Amino acid sequence: MKTVYLHDIENLTEQAILKLLKTKGPCLYGDIFKQLSISSNEGQQCIFKLLSNRLIRFQHRTSIIELNIELK
C-alpha cells in the first residue's frame, strides 16, 4: 500500500477528507460532506480528484468510501 504524507496534499478540503477517513474509517459518500460541513459541489470535486489519484476508493461497489493509501 502506498504511503502519503498529509502535508504533501495542498488542498485543505482534500486533507480534511483524508483525515476524516483515517480517524473514522470508511464513510458514506454524503456523510463526508455533512461531517465536514462542505458544499456538495466542493466535496464532489475533491472526492473525484482523490479517486482519480487513487488515494481513496469505493468499498465493494457501494457508496462507502475508504482510504486506498497509508496516511501519515
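Two rings of Phe, Tyr or Trp count as an aromatic pair if their centres lie within 6.5 Å, and planes over 60 degrees apart make the pair edge-to-face. With that in hand, here are some close-ups of this predicted model.

**View 1. Aromatic rings around helix α2.** By that rule, the structure holds two aromatic pairs. One of them joins Tyr29 and Phe33, with 5.1 Å from centre to centre and 75 degrees between the planes, so we call it edge-to-face. These two residues sit four apart in helix α2, which means about one helical turn separates them. Tyr29 is partly exposed, at 25% relative accessibility, whereas Phe33 is buried, at 10%. Bring Phe58 into the frame and you have one aromatic cluster made of Tyr29, Phe33 and Phe58.

**View 2. The largest nonpolar core.** Nonpolar side chains tend to be buried together in soluble globular proteins. Here the largest such core has 20 residues. Leu18, Leu21, Ile32 and Ile56 have the most contacts inside it. At least two core residues come from each of α1 (12–24), α2 (29–36), α3 (40–52) and β4 (64–67). The biggest giver is α1, with four residues. Zoom in on Leu18 and, setting aside neighbours within four places in sequence, you'll find it in contact with Leu6, Ile9, Leu50, Leu55, Ile56, Leu67 and Leu71.

**View 3. Helix α1 from end to end.** Just at the start of α1, a side-chain oxygen of Asn11 comes within 2.8 Å of the backbone nitrogen of Thr13. How far apart should the ends of α1 be, given 13 residues at 1.5 Å a residue? The expected span is 18 Å, and the end C-alpha atoms are indeed 18 Å apart. After the helix comes Gly25, with a positive phi near 85 degrees.

**View 4. What covers α1, and a buried glutamine.** The buried residues of α1 are Thr13, Glu14, Gln15, Ile17, Leu18, Leu20 and Leu21. Their cover includes β2 (27–28), α2, α3, β3, β4 and β5 (70–71). Gln15 is worth a look of its own: this residue of helix α1 has 15% relative accessibility, and the cut-off for buried is under 20%, so Gln15 counts as buried. Leaving out residues up to four places away in sequence, Gln15 touches Leu6, Ile9 and Glu10.

**View 5. Thr13 and Glu42 across the fold.** Which distance separates Glu42 and Thr13 in space, C-alpha to C-alpha? The gap is 8.2 Å, although the two are 29 residues apart in sequence. Glu42 belongs to helix α3 and is partly exposed, at 33% relative accessibility. Thr13, for its part, is among the buried residues of α1.

**View 6. Two loop residues with positive phi.** Ser37 has a phi near 50 degrees, a positive value in a residue other than glycine. You'll find Ser37 in the loop between α2 and α3, where it is exposed at 67% relative accessibility. Arg54 is another non-glycine residue with a positive phi, near 60 degrees. Its loop runs between α3 and β3 (56–58). Is Arg54 buried or exposed? At 63% relative accessibility, Arg54 counts as exposed.

Technical notes. Residues are numbered from 1 along each chain as its sequence is written. This is a predicted model: local features need pLDDT of at least 70, side-chain atom pairs count only at pLDDT 80 or more; totals for chains, interfaces and linings use all residues. Side-chain values use heavy atoms; hydrogens and water are left out. A nonpolar core is a set of buried Ala, Val, Leu, Ile, Met, Phe, Trp, Tyr and Cys residues joined through side-chain atoms within 4.5 Å. Buried means under 20% relative accessible area, exposed over 50%, partly exposed in between (1.4 Å probe, protein chains only). Contact means heavy atoms within 4.5 Å. Rings of Phe, Tyr and Trp (its six-membered ring) pair if their centres lie within 6.5 Å; planes under 30 degrees apart count as stacked, over 60 as edge-to-face and the rest as tilted. The expected span of a helix is 1.5 Å times one less than its number of residues. A polar contact is a pair of N or O atoms within 3.5 Å; within protein, one must be able to donate a hydrogen and the other to accept it, and residues adjacent in sequence count only if both atoms are side-chain atoms.
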